[in-house]
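User: I would like to go through some of the labels used for this model and see what each one rests on. Could we begin with the term that the side-chain pairings depend on?

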Amino acid sequence: MTSIAQGRAGGIDSTYAWTRLAVSVLLATIGGAGMWAVVVVLPAVQAEFGVDRAAASIPYTATMVGFAAGNVLVGRAIDRVGYWIPALISSLVLCAGFLLASLSTSILTFALAQGVFIGVGTSVIFGPLIADISHWSNRRRGVAVTAAASGNYLAGALWPTLMSYTMESHSWRFTYAAIGIVCLVTMVPLVLMLRRGAPHEAGPGAKASRPVQPVSLSPGALQTLLVIAGFGCCMAMAMPQVHIVAYCMDLGYGVARGADMLSIMLVAGVVSRIGSGFLADRIGAVRTLLLGSVMQGLSLFFYIPFDGLASLYVVSLVFGLSQGGIVPCYAIIVRDYMPAKEAGQRVGIVMMATIFGMAVGGWMSGWIYDLTGSYTAAFLNGIAWNLVNLGAILLLIWKARGSRQAVPA
């Protein structure tokens, strides 16, 4: 009886599981500053160090590379030792990164601080956090995973706006140092609240995890397909998310308007992520992923003809509502089609692919801009990569459908 009561109080789908989710979302919202801060300071860094747009995009790419590597390394660590110890170490690394970046003397040292410290440190609030939360929910796994992933977008909605106002009266260096101190005093206590280990899937009083769904692909082939899909969708996603501030500056609207559009985009992304979680629990994560990808491709096209201030606000809202739920669906697919004991590493690999897509896409958009003098070709490049994503998703749907039809036989 005691074991059963403990399972209900602190196991899968328990009250504690939902409390843990709330703490995780708050942790991700604060720590997510590591992903978005570099986007806001990109114009100021470019001006101070006297580099072109492609070179100014290198720190963002370095951040994404560190973030990608951290998702795999930390994800593998949480499969072995649980979440909180890797999270504590990563949080301290993140705080140190902001302080070091604020003291950088060149674009190279700034990029190193972004990649080695901020990128790796921030990774703990994304793939590893999503994998950890997926262990705590069966009935509403889609909602739980997308809610945890929404912390990243809440950070994108909060931090750029706060930073733009701070940078009006202080330098970007002061702003970076302040973020590092805020992260230190808030993230460490939150991580210590997550010290309880994940529930045993088949232990006394625990609920059994829902079974793995059939698919006519080997685990390696499925992993590869998800990597291709994740890379393609985020190559497309990077164009507006990374360059919207710079795009608005080129059009004469200023940094503040671009930061506002980024915030609107990411607030809409939170709505999209939560909504996608409910939809994934109803129709499945693969079909939800397909819907999001189609909508993302259409909204990318809308950026080309509509470049007025009011139009850009509307298109940014539509883009956010379209793409917010795409990346969390990969984590749900991993849990639906692969063993739970491999969740941290498997989710981390797919998240690494999405992050590399953001990194390369962010740099490539700046490179295309330098070649052409406008962002039109960069938007077309994003649309092309979105078609790669659609192809991978359709192949996965075909393979999953064939497996379900073969099961009765």
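Analyst: A polar contact is a pair of N or O atoms within 3.5 Å, and within protein one of them must be able to donate a hydrogen and the other to accept it. Please keep in mind that this is a predicted model.

User: What makes the pairing of the Asn389 and Tyr330 side chains a polar contact?

Analyst: The separation of the Asn389 and Tyr330 side chains is 2.9 Å, and the cut-off is 3.5 Å, so the pair qualifies as a polar contact. The side chain of Asn389 also makes a polar contact with that of Ser293, at 2.5 Å.

User: Why is Asn389 called buried or exposed?

Analyst: Asn389, which is placed in helix H17, has a relative accessibility of 0%; buried means under 20%, and Asn389 therefore counts as buried. Beyond its neighbours within four places in sequence, Asn389 is in contact with residues including Ala229, Gly230 and Cys233.

User: How do you know which label Leu387 should carry, buried or exposed?

Analyst: Leu387 also lies in helix H17, residues 376–406, but its relative accessible area is 55%; since exposed means over 50%, Leu387 is exposed.

User: What are H2 and H9 called in terms of their relative direction, and why?

Analyst: The axes of H2 (residues 15–31) and H9 (residues 141–169) cross at roughly 30° and come within 7 Å; angles under 35 degrees count as roughly parallel, and the two helices are therefore described as roughly parallel to each other. The contact of H2 with H9 has eleven nonpolar, three polar and no charged residues.

Note on methods. Residues numbered from 1 in each chain as written. Predicted model: local features only at pLDDT ≥ 70, side-chain atom pairs only at ≥ 80, totals over all residues. Heavy atoms only, no water. Axes fitted to C-alpha atoms, helices over the stretch in contact; angles between N-to-C directions. Helix = DSSP H or I, 4+ residues; strand = E, 2+ residues; numbered from the N terminus. Parallel < 35°, antiparallel > 145°, perpendicular 65-115°, else oblique. Nonpolar A, V, L, I, M, F, W, Y, C, P; charged D, E, K, R; others polar. Buried < 20%, exposed > 50% of the residue type's maximum accessible area, 1.4 Å probe, protein only. Contact = heavy atoms within 4.5 Å.
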